[in-house]
Amino acid sequence: NVQEIQFFSIGAALIGLIQHYLLTRSNSKSGAFVMGMLSQLVLLGTTYLEMINKNELSYFFLLFLQSLAVLIYGLVIRSRSLTFFPIGFVILGVITVVYSALKDVGAIFLIGCTGILLLGLGILAVLLRERIAKLGEKLSDWEA
């Protein structure tokens, strides 16, 4: 008597990730990329939509854990698309949770804090540009 869509999306995404693994081993890069992106979209997109619709924080934790599992799989298999996409979904989830928690606060305050945060991250990126360049060189030999 399960009516939560999450139970069905986890199974579908798991099948997609298994197909991604098999396509990666058979050197079908475009097929592996498509299957990886579709399985992530099914898994993480469903959780994100449930988080928005039901407005419960438990879905954010589920989104975080699912993204972490996909990220670990992407790091093990050395796939760029399976590492950056889950990080993007977690960032989107954090922004959504923060916005829903702070929607009573004035928009100017939120824009100001976001601007200060982005300036700080820009300064940090300039200070660490050599390390970021080395990381980019390491990631350049990864598969799609």
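Contact here means heavy atoms within 4.5 Å, and with that cut-off in mind the tour moves through two helix pairs of what is a predicted model.

Begin by selecting helix 3, residues 57–77, together with helix 4, residues 81–101, whose axes come within 8 Å and cross at roughly 165°. Because angles over 145 degrees count as roughly antiparallel, helix 3 is roughly antiparallel to helix 4, and the crossing of the two is left-handed.

Next, show the side chains where these helices meet. On helix 3, the residues to select include Leu-57, Phe-60, Phe-64, Leu-71 and Tyr-73, while on the helix 4 side the residues that meet helix 3 include Leu-82, Pro-86, Ile-87, Val-90 and Val-94. Colouring this contact by class gives 16 nonpolar residues and 4 polar ones, with no charged residues.

Now keep helix 4 in view and add helix 2, residues 29–54, which packs with helix 4 at an angle of about 15°, the axes being 10 Å apart. Since angles under 35 degrees count as roughly parallel, helix 2 is roughly parallel to helix 4, and this crossing is right-handed.

For the residues between them, select on helix 2 a set including Phe-33, Met-37, Gln-40, Leu-44, Tyr-48 and Ile-52, and on helix 4 a set including Ser-81, Phe-85, Phe-89, Leu-92 and Thr-96. Divided by class, the contact of helix 2 with helix 4 holds 13 nonpolar and 6 polar residues, and no charged ones.

As a last stop, select Phe-89 on helix 4, which is among the residues meeting helix 3 and also among those meeting helix 2.

Key: Residues are numbered from 1 along each chain as its sequence is written. This is a predicted model: local features need pLDDT of at least 70, side-chain atom pairs count only at pLDDT 80 or more; totals for chains, interfaces and linings use all residues. Side-chain values use heavy atoms; hydrogens and water are left out. Axes are lines fitted to C-alpha atoms, for helices over the stretch in contact, and angles run from 0 to 180 degrees between N-to-C directions. Helices (H or I, at least four residues) and strands (E, at least two) are DSSP runs, numbered from the N terminus. Angles under 35 degrees count as roughly parallel, over 145 as roughly antiparallel, 65 to 115 as roughly perpendicular and the rest as oblique. A crossing is left-handed if the near helix is turned anticlockwise from the far one by less than a right angle, and right-handed if clockwise. Ala, Val, Leu, Ile, Met, Phe, Trp, Tyr, Cys and Pro count as nonpolar, Asp, Glu, Lys and Arg as charged, and the others, Gly among them, as polar.
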